[in-house]
Amino acid sequence: MARAGWWSTVAETLDARPVTGWAMTRTLLGARLRAQASFRGSFAVDLVSQFAASLVDFAELYVLLHNAPVIGGMNLTQAGVVFGLSTLAFGLADLVFGQLDRVDRLIRAGQLDTLLLRPTSLLLQLVTADVQLRRLGRAGFGLAAYLVALAWAGVTWTPANVALAVIAPVGGVLIFGALFLASGSLLFWVLDGGQAGNALTYGGRYVSSVPGAALAAPLRAFYTFVVPTILVAYVPAAVLLGLPLPALLWPPMAWLGVPVGVVLWGVVLLIWRASIRHYTGAGG
Amino acid sequence: MRAYGELVVSGFRRYSRYRAGLVAALFTNCLFGFIRASLLIATITAAGTTVGGYDALRASTYVWVGQGLLGAIPLWVVGEVAERVKTGDIAVDLLRPVWTIGQWWAVDLGRAASQVLPRLVPMVAVGALTTGVALPRRPEGYLLFVVSLALAASLAFFAWLLVNLLALWVTEVRGYLNLFMMVLGLLAGLIVPVSWFPDWLRVADSWTPFPSMFQAPVEVMMSSPASAQIIGTQAAWLAVLIGVAQVMLVRGSRRLVVNGG
């Protein structure tokens with residue numbers, strides 16, 4: 001009798017503790033992060049290589065501005081604000097959502113079916129499955145560049161400017177995150193389409209990290225109204241620095257990062273759902 | 001010799017199968033081409049009429065020919081050999097009765113060849129219709145370009161091979177591969193033309209094989225008067241890299257332990 005009682009207590013305890021999304025996230029994420037921290041040497045090289053990647057990205061801007069003092073209405077310090085803001089936002093989005101555009105590997109290997117069978121959201125599992133702490137290297141470089149360039153560029157720190165400087169990276173993370181999810185959704189329809197997804201994510205990052213006025217007008221229109229990454233860094237930076245904006249862009253658009261990011265997430269989540277419904281397992 | 005020929009053909013066949021991937025790659029190459037051409041032309045306009053010997057037309061040619069070579073010349077992480085060391089599959093490669101490095105090289109040349117026309121022709125066409133391109137007027141120009149491209153693709157293959165072979169000494173090379181990709185992209189002249197670099201970087205770079213891996217065939221396609229010299233430099237570097245790779249493989253395989261059977 002006592003024995004049956006013991007079993008039923010265990011069963012009740014388990015029943016009484018439904019695994020919530022939050023607890024699930026914490027458990028999955030904790031396990032991943034501990035795993036990465038245990039390979040110190042490899043992790044250090046990874047972190048350095050992410051830092052170097054940002055340095056090379058910046059080298060491009062440096063070389064261009066070495067040949068012409070002002071490009072797209074910005075000098076090196078001012079372009080540094082754009083670059084830092086863009087790199088910070090992309091680094092953070094990449095840290096959390098960067099593996100979504102690699103869902104094709106899971107599909108090819110037939111591993112997606114396993115994830116779909118588990119009683120928790122696919123998105124949550126994918127996001128927690130491969131959070132790469134090494135990507136902090138990029139975000140860290142971005143944050144440093146952003147702060148240093150802002151300090152050198154001589155921004156007038158009105159309350160509005162302080163608010164904009166803080167809220168702009170948040171909008172950027174939302175926009176880049178949605179683009180990673182869109183890029184991942186594409187793979188459910190065209191398995192080899194990863195390269196096209198790169199036009200959204202890495203192309204978007206590239207455009208967002210340079211003075212937008214230097215781009216040809218059709219490109220500027222595409223990356224403002226279709227893939228809105230010019231709004232991530234160039235527009236907020238130009239407003240913070242008090243610089244004029246080219247055609248198609250207006251100063252109030254500097255505040256659009258967060259609202260556009262939220263709307264984009266809404267749209268992309270619908271596409272993501274449709275994509276999962278479209279998926280047919282190979283029966284493995 | 002026939003074995004290598006077959007390997008080249010098999011590499012060509014294998015990599016010409018990915019049609020959807022090709023279309024996706026062309027779309028992205030095209031968009032990046034517009035961004036890069038836009039930035040270079042904006043820089044030239046801001047600086048005056050030329051930068052590092054490039055006027056707007058030359059810069060546009062550099063961008064579109066370069067975008068067209070992205071498939072043929074491996075500039076993104078190539079980790080196959082390192083993966084084979086990790087899994088032990090390299091034992092099979094070492095046992096084959098052919099030159100070990102030669103078999104990988106042959107397959108990669110086949111892969112490169114499959115990517116030349118489908119990637120280069122559309123990109124140059126897009127360039128010609130938008131920002132403009134200046135191509136060789138005479139057939140010899142294209143012949144030199146093909147030679148220079150084959151050398152560049154081989155050099156990039158060997159450069160990646162050297163990093164991959166590090167796997168014989170260290171267990172995880174992913175960090176090194178990522179790091180190398182960054183260095184390669186910048187120093188080979190993918191991101192900005194090598195002649196635009198600040199002097200210190202340009203001089204340092206000219207002592208490395210990197211410009212021979214990407215900038216060289218682009219310069220030859222733009223009918224550089226120094227084409228013969230460029231190709232000579234490429235050939236010399238190729239001999240050096242083949243030697244280093246061979247030494248690394250021989251030394252490294254003495255340490256190699258493959259478990260299982």
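**Entry 1: helix α8 of chain A**

I began with the buried residues of α8(A), in what is a predicted model. Those I found buried are A:G137, A:R138, A:A139, A:F141, A:G142, A:A145, A:Y146, A:A149, A:L150 and A:A153. Each of them has 20 or more other C-beta atoms within 10 Å of its own.

Next I checked the length of this helix, which covers residues 136-153 of chain A. Its 18 residues, at 1.5 Å a residue, should span 26 Å, and I found the end C-alpha atoms 25 Å apart, so the two values agree.

I also looked at what follows the helix. Just after α8(A) comes A:G154, with a positive phi of about 70 degrees.

**Entry 2: A:N75 and its surroundings**

Where does A:N75 lie? I found it in the loop between α3 (40-67) and α4 (76-97) of chain A.

Then I asked how A:N75 counts by its C-beta neighbours. It has 15 of them inside 10 Å, so A:N75 counts as partly exposed; a buried residue would need 20 or more, and an exposed one 12 or fewer.

For its contacts, I left aside the neighbours within four places in sequence, and A:N75 then touches A:L65, A:P69 and A:V70. I looked again at A:L65: it is 10 residues from A:N75 along the chain, and their C-alpha atoms are separated by 7.1 Å.

**Entry 3: two helices of chain B**

I moved to chain B, to see how α3 (residues 56-69) packs with α6 (residues 100-129). Their axes are 7 Å apart, at an angle of about 155 degrees. That makes α3(B) roughly antiparallel to α6(B), because the angle is over 145 degrees. The crossing of this pair is right-handed, I noted.

Which residues meet here? On the α3(B) side I listed B:S60, B:W64, B:V65, B:Q67, B:G68 and B:L69. Their partners in α6(B) are B:R119, B:L120, B:M123, B:V124, B:V126 and B:G127. Sorted by class, the residues of this contact are 7 nonpolar, 4 polar and 1 charged.

**Entry 4: where the chains touch**

Last, I looked at the two chains together. I found 32 residues of chain B in contact with 33 residues of chain A. On the chain B side, the elements giving two or more residues are α2 (19-47) and α8 (174-187).

Which element gives the most to that side? It is α2(B), with 16 residues. I closed with the classes: the side of chain B that touches chain A has 23 nonpolar, 8 polar and 1 charged residues.

How values were computed: Residues are numbered from 1 along each chain as its sequence is written. Chains are lettered from A and ligands numbered from 1 in the order in which they are written. This is a predicted model: local features need pLDDT of at least 70, side-chain atom pairs count only at pLDDT 80 or more; totals for chains, interfaces and linings use all residues. Axes are lines fitted to C-alpha atoms, for helices over the stretch in contact, and angles run from 0 to 180 degrees between N-to-C directions. Helices (H or I, at least four residues) and strands (E, at least two) are DSSP runs, numbered from the N terminus. Angles under 35 degrees count as roughly parallel, over 145 as roughly antiparallel, 65 to 115 as roughly perpendicular and the rest as oblique. A crossing is left-handed if the near helix is turned anticlockwise from the far one by less than a right angle, and right-handed if clockwise. Two residues are in contact if their C-beta atoms, placed from the backbone, lie within 7 Å. Ala, Val, Leu, Ile, Met, Phe, Trp, Tyr, Cys and Pro count as nonpolar, Asp, Glu, Lys and Arg as charged, and the others, Gly among them, as polar. The expected span of a helix is 1.5 Å times one less than its number of residues.
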